[in-house]
Amino acid sequence: MASTLITVAPTGAETAKADCPALPTTLDELVETAKRCEAAGAAMIHLHIRDGEHRPTLDLGRLTEAVAAVRASTGLIVQLSSGGAVTDPYDHRLRVLDAEPDSCSLTMGTVNFGDDVFMNPWPFVTELYQLSQEREIVPEFELFDLGHVAALHRLLDKFGLPYGGRVHCDLVMGVPGGMPGTAEALVAAVNALPPAVTSWSATGIGRTSITVALAALSKGGHLRVGMEDTLTLAKGLPVNHNAELVERAAALATMAQRPPMSPDEARDLLNVKRDR
Ligand code: KMH
Ligand code: ZN
């Protein structure tokens, strides 16, 4: 039976701890979250980290410590965000790869991001991509818009396949400024993916979460969930722990006859480097 890769994105860079005390921001909270989410069916974790005041940071020491701590306590594939926060400079975002994660996010173009702009100019995208190839880190291509899908064709044509030879993408849907979190948009994006794509997941921001998850499962995709993207289970019902979102995704995937895959199966799917 086919199975589903569930990625958990537990923290993000946008929500303040003061507004959402359940958001995991300390190392202990991240490790506890990683363990519970693995038990609930996650196979990969997409990490953003925070500083001592719970503010987003790309501090290399903290990133390296977080990668080691999650690896020591779980079998999860560790993906670091190279997106960081909208204010992070490009050199800090490139330096994320020095923490030697299994995978890194790699956004395929600039996008309006609420009132902000998430900057990903082409020269930065190509530099980050070539660095991921050199460092043997598997990228996850983040696609916020159809233009990003077109840019992925261009990138693969010009620079070849990622480390490991597999091409894994994540459709990030429902960001104010990006493609909407609808079944129609998902089908359009999936139909436009390059033939080299070997797997894809989707995530719907906020209230588009369930629509996107159901559409992704219907089209044979994988799932990303977590408090980076969604803070309520339903109107007026806040998420108390990331594991609740993973449990819901696992239940939907199981119902779709594609139960969650283990981290080891996910390592085969993405072909991440085994001996880190
Ligand atoms: N925080 C956003 C500006 C990524 O992790 O690569 C970027 C983001 C995407 O979350
Ligand atoms: Zn992220």
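**Overall fold and helix packing in a predicted model**

Of the 276 residues of the protein chain, 54% count as buried (under 20% relative accessible area, with over 50% being exposed and anything in between partly exposed, using a 1.4 Å probe and protein chains only). The structure is a predicted model, in which local features need pLDDT of at least 70, side-chain atom pairs count only at pLDDT 80 or more, and totals for chains, interfaces and linings use all residues. Residues are numbered from 1 along each chain as its sequence is written, and side-chain values use heavy atoms, leaving out hydrogens and water.

The protein chain holds nine helices and 14 strands (DSSP runs numbered from the N terminus, helices being H or I with at least four residues and strands E with at least two). Its radius of gyration is 17 Å, which agrees with the value near 19 Å for a compact globule of 276 residues (taken over C-alpha atoms, the globule rule being 2.2 Å times the number of residues to the power 0.38). Among contacts (heavy atoms within 4.5 Å) with a separation of 6 or more, 73% join residues 24 or more positions apart.

Now to the helix pairs. Two packed helices are described by the angle between their axes and the distance between the axes. Helix 1 (residues 27–40) and helix 8 (residues 242–255) pack at about 15 degrees with axes 9 Å apart (axes are lines fitted to C-alpha atoms, for helices over the stretch in contact, and angles run from 0 to 180 degrees between N-to-C directions). The two are therefore roughly parallel (under 35 degrees; over 145 is roughly antiparallel, 65 to 115 roughly perpendicular, and the rest oblique). On the helix 1 side, Thr33, Arg36, Cys37 and Ala40 meet Asn242, Ala243, Val246, Glu247 and Ala250 of helix 8. These contact residues divide into five nonpolar, two polar and two charged (Ala, Val, Leu, Ile, Met, Phe, Trp, Tyr, Cys and Pro are nonpolar, Asp, Glu, Lys and Arg charged, and the others, Gly among them, polar).

Helix 4 (residues 122–135) and helix 5 (residues 146–159) cross at roughly 50 degrees, their axes coming within 11 Å, and are therefore oblique to each other. Helix 4 residues including Trp122 and Tyr129 meet helix 5 residues including Leu155 and Phe159.

Finally, helix 7 (residues 209–218) has Ser209, Val212, Ala213, Ala215, Ala216 and Leu217 buried. Their cover includes helix 6 (183–191), helix 8 and strand 10 (168–173). Just after helix 7, Gly220 takes a positive phi of about 85 degrees.

Notes: Chains lettered and ligands numbered in written order.
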